[in-house]
Amino acid sequence: MSQTDNFEDLRDLYQEVILDPGRKPRHARRLEAFDATAKGDNPMCGDRVQVWVKFDQDGAIAATGFEARGCEISRASADLMVEAVQGRSPADTRALFAAFRAMVQSGDCPACMAALEPLRPLASVHEYPSRVKCATLAWQALDAALNAKAGETAHG
């Protein structure tokens with residue numbers, strides 16, 4: 001396989017994983033019934049997100065929704081995050097966030113769990129440090145919601 005073929009494969013993956021969910025998020029919606037919510041704001045680039053969380057009777061995440069305004073990276077990350085955290089406990093979700101943050105900061109994730117595989121293309125943002133905040137903004141808002149800090153603004 002040539003270097004050109006590798007580049008084409010990478011571009012196709014980027015298109016599928018980042019651009020498509022960033023342009024047409026599948027999970028962008030406000031939950032009608034929710035237990036916690038939090039906002040995230042990145043004043044450096046203008047990204048804004050609000051996350052809603054509904055817990056099941058065992059305390060696991062039953063549903064998550066978001067509304068976001070900003071770049072495709074922040075919207076794609078939020079959309080993929082919703083899928084990754086479904087059914088997870090708050091502790092598991094925080095561990096997933098820590099692994100995701102490490103991945104987008106370093107570009108590497110040797111201890112990544114299977115749940116992060118769909119988000120792996122976002123690891124490339126480590127090459128652009130100012131974009132790391134875009135990729136983690138929704139996760140920071142989710143973390144604030146998990147901490148029951150409803151309405152608090154999470155800063156990227």
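Q: What makes the meeting of the Glu-117 and Arg-120 side chains a salt bridge?
A: This is a predicted model, and in it the N to O distance for Glu-117 and Arg-120 is 3.0 Å. The cut-off is 4 Å between a side-chain nitrogen of Lys or Arg and a carboxyl oxygen of Asp or Glu, so the pair qualifies.

Q: Why does Glu-117 count as partly exposed, and not as buried or exposed?
A: Its relative accessibility is 43%. Buried needs under 20% and exposed needs over 50%, so Glu-117 falls in between. Its partner Arg-120, at 31%, is partly exposed for that reason too.

Q: Where is Pro-118 found, and how do you know whether it is buried or exposed?
A: Pro-118 sits in the loop between helix H3 (90–106) and helix H4 (129–146). With a relative accessible area of 42%, Pro-118 is neither under 20% nor over 50%, so it gets the label partly exposed. The C-alpha of Pro-118 is also 8.2 Å from that of Ala-84, a residue 34 positions away along the chain.

Q: How many salt bridges does the structure hold?
A: There are three. Besides Glu-117 with Arg-120, they include Lys-54 with Asp-35 and Arg-94 with Asp-143.

Q: What makes Lys-54 and Asp-35 a salt bridge?
A: Their N to O distance is 3.6 Å, and that is within the 4 Å limit, so the name applies. Lys-54 belongs to strand E2 (residues 47–55), while Asp-35 is in the loop between helix H1 (3–23) and strand E1 (36–42), and the two are 19 residues apart. Lys-54 has a relative accessible area of 30% and Asp-35 has 44%, so both land between the 20% and 50% marks and are partly exposed.

Q: How do you know that the side chains of Arg-94 and Asp-143 meet in a salt bridge?
A: The N to O distance comes out at 3.4 Å, within 4 Å, so Arg-94 and Asp-143 pass the test. This pair links distant parts of the chain: Arg-94 is in helix H3, Asp-143 in helix H4, and their positions lie 49 residues apart in the count. Arg-94, at 31%, is partly exposed. Asp-143 has 22%, and buried would need under 20%, so Asp-143 is partly exposed as well.

Q: Why is the aromatic pair of Phe-97 and Trp-139 called stacked?
A: Two values decide it. The centres are 5.9 Å apart, within the 6.5 Å limit, so the rings pair; the planes differ by 15°, under 30 degrees, so the pair is stacked. Phe-97 lies in helix H3 and Trp-139 in helix H4, so the contact ties together parts 42 residues apart in sequence.

Q: What makes the rings of Phe-100 and Trp-139 a pair, and which kind?
A: Their centres are 4.9 Å apart and their planes meet at 20°, which clears both the 6.5 Å and the 30 degrees cut-offs, so this pair is stacked too. Phe-100 in helix H3 and Trp-139 in helix H4 are 39 residues apart. The ring pairs link Phe-97, Phe-100 and Trp-139 into a cluster.

Q: How do you know whether Phe-100 and Trp-139 are buried or exposed?
A: Phe-100 has 0% relative accessibility and Trp-139 has 1%. Buried means under 20%, so both are buried. Phe-97 is buried as well.

Q: What lies over the face of Phe-97, and how far from the ring centre?
A: Arg-101 does, at 4.3 Å from the ring centre. The distance limit for a charge over a ring is 6 Å, so Arg-101 meets that part of the test.

Q: What makes the length of helix H2 (residues 72–85) close to the value expected?
A: H2 has 14 residues and reaches 20 Å from its first C-alpha to its last, against 20 Å expected at 1.5 Å a residue. Just after H2, Gly-87 takes a positive phi of about 80°.

Q: Why is H2 described as mostly covered?
A: The label rests on 12 of the 14 residues in H2 being buried. Among them are Ile-73, Leu-80, Met-81 and Val-85, along with the charged-type names Arg-75 and Asp-79.

Q: What pattern does the chain follow along the sequence?
A: The order is α-β-β-β-α-α-α-β, from four helices and four strands. Over the chain as a whole, 43% of the 156 residues are buried.

Technical notes:
Residues numbered from 1 in each chain as written. Predicted model: local features only at pLDDT ≥ 70, side-chain atom pairs only at ≥ 80, totals over all residues. Heavy atoms only, no water. Buried < 20%, exposed > 50% of the residue type's maximum accessible area, 1.4 Å probe, protein only. Expected span 1.5 Å × (residues − 1). Phe/Tyr/Trp six-rings, centres within 6.5 Å; stacked < 30°, edge-to-face > 60°. Lys NZ or Arg CZ within 6 Å of the ring centre and 35° of its normal.
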